Every structure is written in C-alpha cells, then in structure tokens.
Amino acid sequence: FHDVEIMKRLRPDSNKDDLNKLLAATARHGRPELVEYLLRIGANASDQPDGGSTALAESLAWGVRRAALYSGSSLSWYGTRTKASKYSVGKALKTIDVLLKTGARWRPKDKSDVTELRRGLLECEPEVTTEIVQRLWKSGACYSQAINDLVRTPAIRKHLEPEARKLYLLGFDVRTDEQKAKDERERDAARIWALNQLASKY
C-alpha cells in the first residue's frame with residue numbers, strides 16, 4: 001500500500017478487515033500517511049497483551065532498515081558503502097513519531113527484535129540512533145533495559161562514538177573501553193593542571 005486515496009477507495013472495515021495487521025504492514029514500509037489514516041478508522045497501535053505495539057516494533061526493526069537499504073545506504077564512487085542519513089530515513093522516523101503520539105510502546109519479545117533494530121541502525125549514520133533513542137526514551141515508550149540491550153555490542157558502540165556524549169546525557173553510556181580510557185586520561189590531565197595552577201599561586 002502506497003497511497004492514502006487508494007486505501008480509502010478500498011474502504012477497510014474494522015468488522016471485516018484486520019486493521020491492526022494493515023497498520024503493522026504500512027508501518028513496516030514507512031508510510032506515515034497511511035498509518036495516520038488507519039489509526040483514525042480504528043486500528044489499535046497498542047495491540048499486544050503487554051501493551052506493546054506490533055506496528056511500532058515493525059517500524060523500528062524493519063522500517064528503518066528498509067529505508068536505509070533502499071533510500072540512503074548505497075555504494076559511493078569509490079565502491080565503499082555510505083550510511084543512510086536522517087533525511088534518507090525521514091519517513092520511517094515520521095512513522096515512528098505518529099505511532100508514539102498514540103502512546104505506542106516498544107516491548108521487545110526476544111533478542112531478535114533488538115538485533116533487527118540494531119542491524120538497521122548500523123546501516124545509518126550515527127545520529128539516526130540518537131534520534132530514535134531520544135524519541136523512545138522521552139516518550140516513555142520503552143524500558144531503559146531495552147535501550148541498553150540495543151547499544152551493548154562492541155560494533156554498535158564503535159559506530160556510535162560520534163554520538164557518545166549526546167547519548168550519555170540521555171543516561172546511556174555507549175563509550176567503548178578506548179573512549180573511557182581516553183576520558184579518564186583527560187580528567188587526570190585536567191586535575192593535574194588545576195593543581196599546578198593552584199600551587200603556582202603560593
């Protein structure tokens with residue numbers, strides 16, 4: 001499904017059609033206009049027994065990755081693969097926003113749910129992860145453990161080095177061991193400099 005007008009002509013009916021299944025499918029394909037329409041006619045974004053949202057899970061696990069692979073992540077002139085920008089995955093982010101405004105919650109059922117989102121984020125520029133973590137965390141859409149699981153692997157932490165300080169301010173320490181050692185050295189150097197400055201006054 002790609003067009004709201006076509007969807008309207010099909011006249012989905014909550015008594016005959018599985019609107020929640022349609023919602024999940026449109027969210028997976030990053031179609032925010034269709035998601036909004038289905039929500040207006042009765043689709044339930046919080047369809048899981050634990051209050052989680054299938055549509056949000058689909059948008060996170062597959063919508064972001066699909067947008068990255070088909071819109072932004074591509075081969076450069078030099079044969080290296082570029083990462084998808086925030087702009088490239090804009091429709092996926094908009095879809096996530098639409099769902100979060102309804103109170104949708106991300107409740108990963110197992111490691112595979114987290115792994116699929118992580119794979120998608122590794123196809124994107126690091127700031128995309130920060131954007132998604134901010135959205136999930138500030139809206140109260142998931143538990144902190146889910147985000148910590150998302151950013152726990154060495155590969156994603158290395159990928160997120162440019163965003164480490166922003167994520168730290170949100171309460172998530174994604175620094176690599178190398179970054180932590182560097183930060184410790186900088187703190188020691190600053191402390192020694194301050195002590196020397198103080199000693200020079202006497």
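## Helix 7: span and burial

The expected span of a helix is taken as 1.5 Å times one less than its number of residues. In this predicted model, helix 7 covers residues 126-138 and therefore, with 13 residues, has an expected span of 18 Å. From its first C-alpha to its last, helix 7 reaches 19 Å, which is close to that expectation. Just after helix 7, Gly140 adopts a positive phi of about 70°.

Several positions of helix 7 are buried: Pro126, Val128, Thr129, Thr130, Glu131, Ile132, Val133 and Leu136. Both Glu131 and Val128 belong to this buried set, and each is described further below.

## Val128 and its surroundings

Val128 is located in helix 7. Its relative accessibility is 0%, so Val128 counts as buried. When neighbours within four places in sequence are left aside, the contacts of Val128 are Ala84, Ser85, Lys86, Val89 and Leu121.

Ser144 provides a reference point further along the chain: Val128 and Ser144 are separated by 16 residues in sequence and by 18 Å in space, C-alpha to C-alpha.

## Salt bridges

How many salt bridges does the structure hold? The total is 14. Side chains of opposite charge can pair when their charged atoms come close.

One of the pairs lies within helix 7. The side chains of Glu131 and Arg135 form a salt bridge with an N to O distance of 2.6 Å. Glu131 and Arg135 are 4 residues apart in helix 7, so about one helical turn separates them. An α-helix has 3.6 residues a turn, so residues three or four places apart point the same way. Glu131 has a relative accessible area of 17%, and because buried means under 20%, Glu131 is classed as buried.

A second pair joins Glu161 and Lys158, whose closest N and O atoms are 3.3 Å apart. The two partners fall in separate accessibility classes: Glu161 is partly exposed at 28% relative accessibility, whereas Lys158 is exposed, with a relative accessible area of 53%.

A third pair is made by the side chains of Arg165 and Asp183, at 3.4 Å from N to O. Since Arg165 lies in helix 10 and Asp183 in helix 11, this salt bridge ties together parts that are 18 residues apart in sequence. Is each partner buried or exposed? Arg165 is exposed, with 59% relative accessible area, while Asp183 is buried at 11%. Elsewhere, salt bridges with shared partners link Lys86, Asp97, Glu131 and Arg135 into one network. Lys86, a member of that network, is also among the contacts of Val128.

## The largest pocket

The largest pocket contains about 300 Å³ of space. It is lined by 14 residues, and those closest to its centre are Ala164, Arg165, Arg175, Gln179 and Asp183. Helix 10 (164-169) and helix 11 (177-199) are the elements that give two or more residues to this lining. Both partners of the Arg165 and Asp183 salt bridge are thus found among the residues closest to the pocket centre.

Which classes make up the lining of the largest pocket? The lining has 9 charged, 4 nonpolar and 1 polar residues.

## The loop between helix 10 and helix 11

Thr176 is placed in the loop between helix 10 and helix 11. With a relative accessible area of 9%, Thr176 is buried. Not counting residues up to four places away in sequence, Thr176 touches Arg157, Lys158 and Glu161. Two of these contacts, Lys158 and Glu161, are the partners of the salt bridge at 3.3 Å.

## Helix 2: two contrasting positions

Helix 2 (residues 19-28) contains Lys21, and Thr26 is also placed in helix 2. Lys21 counts as exposed at 61% relative accessibility, whereas Thr26 counts as buried at 2%.

C-alpha distances relate these residues to other parts of the chain. Lys21 and Asp47 are 26 residues apart in sequence and 9.8 Å apart in space. Thr26 and Glu186 are 160 residues apart in sequence, with 48 Å between their C-alpha atoms.

Definitions and conventions: Residues are numbered from 1 along each chain as its sequence is written. This is a predicted model: local features need pLDDT of at least 70, side-chain atom pairs count only at pLDDT 80 or more; totals for chains, interfaces and linings use all residues. Side-chain values use heavy atoms; hydrogens and water are left out. On a 1 Å grid over the protein atoms alone, a cavity is a set of points where a 1.4 Å probe fits but cannot get out, and a pocket is an open set with protein on both sides within 12 Å along at least five of seven lines; lining residues have an atom within 4 Å of a point. Grid points are joined across faces, edges and corners, and a volume is the space filled by probe spheres set on the points. Ala, Val, Leu, Ile, Met, Phe, Trp, Tyr, Cys and Pro count as nonpolar, Asp, Glu, Lys and Arg as charged, and the others, Gly among them, as polar. Buried means under 20% relative accessible area, exposed over 50%, partly exposed in between (1.4 Å probe, protein chains only). A salt bridge is a side-chain nitrogen of Lys or Arg within 4 Å of a carboxyl oxygen of Asp or Glu. Contact means heavy atoms within 4.5 Å.
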